[in-house]
Amino acid sequence: MTKITRRQFAVASSASAAATFAAPAVGQAAKARIVVVGGGFGGATAAKYAKQFGGDQIDVTLIEPNVTFYTCPFSNLVLGGLRNMASIGHGFDTMRKRDVTVIHGLATAVDTRKKTVKTNEGATVLYDRLILSPGIDVRWEAVQGYDAAAAEQMPHAWKAGRQTLLLKKQLEAMDDGGVVVIAPPLNPFRCPPGPYERASTIAHYLTRAKPKSKILIVDSKDKFSKMPLFMDAWKKFYGSMIEWIPQRTDGPVTEVDLANNAVVTDFGTKHKGAVVNLIPPQQAGKIAAAAGVTNRSGWAPVNHRTFESTLKPGIHVIGDAAISSPMPKSGFSASSQGKIVAAAAVDTLNGKDPADPSFANTCYSLVTPSYGISVAKIYAWRGGKLVGVEGSGGVSPRNAPDSVRADEARYAYGWYASISADIWG
């Protein structure tokens, strides 16, 4: 297979899933109902394209608790002082103009027999096909002593919004010479490169505002996404400011010591910080469990051809909540899945067999505002399973010149602008 360039990949993959499917034809029967839960990368994409593919013969309803949805992608730039919260916030007025009904409320229950979704605002919404894209919830019980109250002292900021601003405020209030502790979880979790981009953007801020400070990454893993590229870049730009401690050296983080503002490892070591960013283990958003589509892992197993739940027929689960390996839990993955599942849901309602899917993903990470790295892949349904297409995408070359890294940074900004416009308009 001919290996495509990263620029070609970025251009081609931005619309790959939408281009894979022509709008499915829908019969002249009474309108069918598709309900989508979650207005993020996966859910909002699914709602938009379900309406586009289904046209006047499909009613599409999107249920999302937030009037403004703040994205985890680019929230690290807010922490680094490179963006403000408004720049990563997206509303749903354009979704309504697309003739999608938007209900702002938290989905709390699914009745698979009656085919209804209930919200905390008292709404009951009927569906014929249900698409769940609820993102993640924190597994509070996974780290001893860490709960919602503790997150007010040690913010995880793994759901963008108020927690992002809390962590940013703590960084700004920290004295020069303070230690920032970042504690990433074991896989799987939302955005595998995210903690390490976060360390990079915080370091960018500290080198300018508090240059005597230090970042300590107390990891629960022995390796991480794009690890050699991050390590090289940290040395190049930040010297010894960032120190990474793998779990083999000090064991995973198992508890927190709030009195001393410290994380505690399995070896009993306490790592105290002026600021502690504990990123705990995660699971699918609560509505997935309420709908009965999660297993003991806390995530939702799906048929990767259509992302229909293997536990509850008629419900598709996409984005971070789904067990989607080999695809990572990323915004790009979720959006790609949203397009495919929108087409599959419309086809199914029309009595057609959905087409075999093709998905795309790119994860950009910014080490500085003008130095980017990435990993990209195309995924296809072959031999009854989802596989990465050999020769597609790949990881940024380790020995690339700074001009290539600058291009990758521009691609990252361009990706965010284009995908945000596509989804939220």
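Q: Which residue in E20 is the bridge partner of Asn303?
A: In E20, that partner is Glu308. The model is predicted, with residues numbered from 1 along each chain as its sequence is written. Local features need pLDDT of at least 70, side-chain atom pairs count only at pLDDT 80 or more, and totals for chains, interfaces and linings use all residues, while side-chain values use heavy atoms, leaving out hydrogens and water.

Q: Why are E19 and E20 said to pair, and in which sense?
A: Two strands pair if DSSP finds at least two bridges between them, and strands themselves are DSSP runs of at least two residues, numbered from the N terminus. E19 (residues 300-303) and E20 (residues 308-309) share two bridges, so the rule is met. The sense is antiparallel. The two strands form a hairpin with four residues between them, and Phe307 in the turn has a positive phi of about 60°.

Q: What makes E19 and E22 a pair?
A: Two bridges again, this time in the parallel sense, link E19 to E22 (residues 322-323). For Pro301, the bridge partner in E22 is Ile323.

Q: How do you know that Arg190 and Asp320 form a salt bridge?
A: The rule asks for a side-chain nitrogen of Lys or Arg within 4 Å of a carboxyl oxygen of Asp or Glu. Here the N to O distance is 2.5 Å, therefore the pair qualifies. Between domain 1 (3-137 + 283-355) and domain 2 (140-280), the count is two salt bridges. These domain bounds come from an automatic or database assignment.

Q: Which elements supply the side of domain 1 that touches domain 2?
A: Helix H4 (75-79) and strand E10 (136-138) each supply at least two residues; helices are DSSP runs (H or I) of at least four residues. H4 gives the largest share, five residues. This side divides into nine nonpolar, six polar and three charged residues.

Q: How do you know that the two domains are in contact?
A: Contact means heavy atoms within 4.5 Å. By that rule, 18 residues of domain 1 touch 21 residues of domain 2, although the domain centres, taken over C-alpha atoms, are 30 Å apart.

Q: What is the area buried between the domains?
A: Buried area is the accessible area (1.4 Å probe) that two parts lose on being put together, summed over both. The value is about 1,800 Å², with 64% from carbon and sulfur atoms. In domain 1, Asn76, Leu79 and Ile136 lose the most area to domain 2, together 36% of what that side buries.

Terms used. Nonpolar A, V, L, I, M, F, W, Y, C, P; charged D, E, K, R; others polar.
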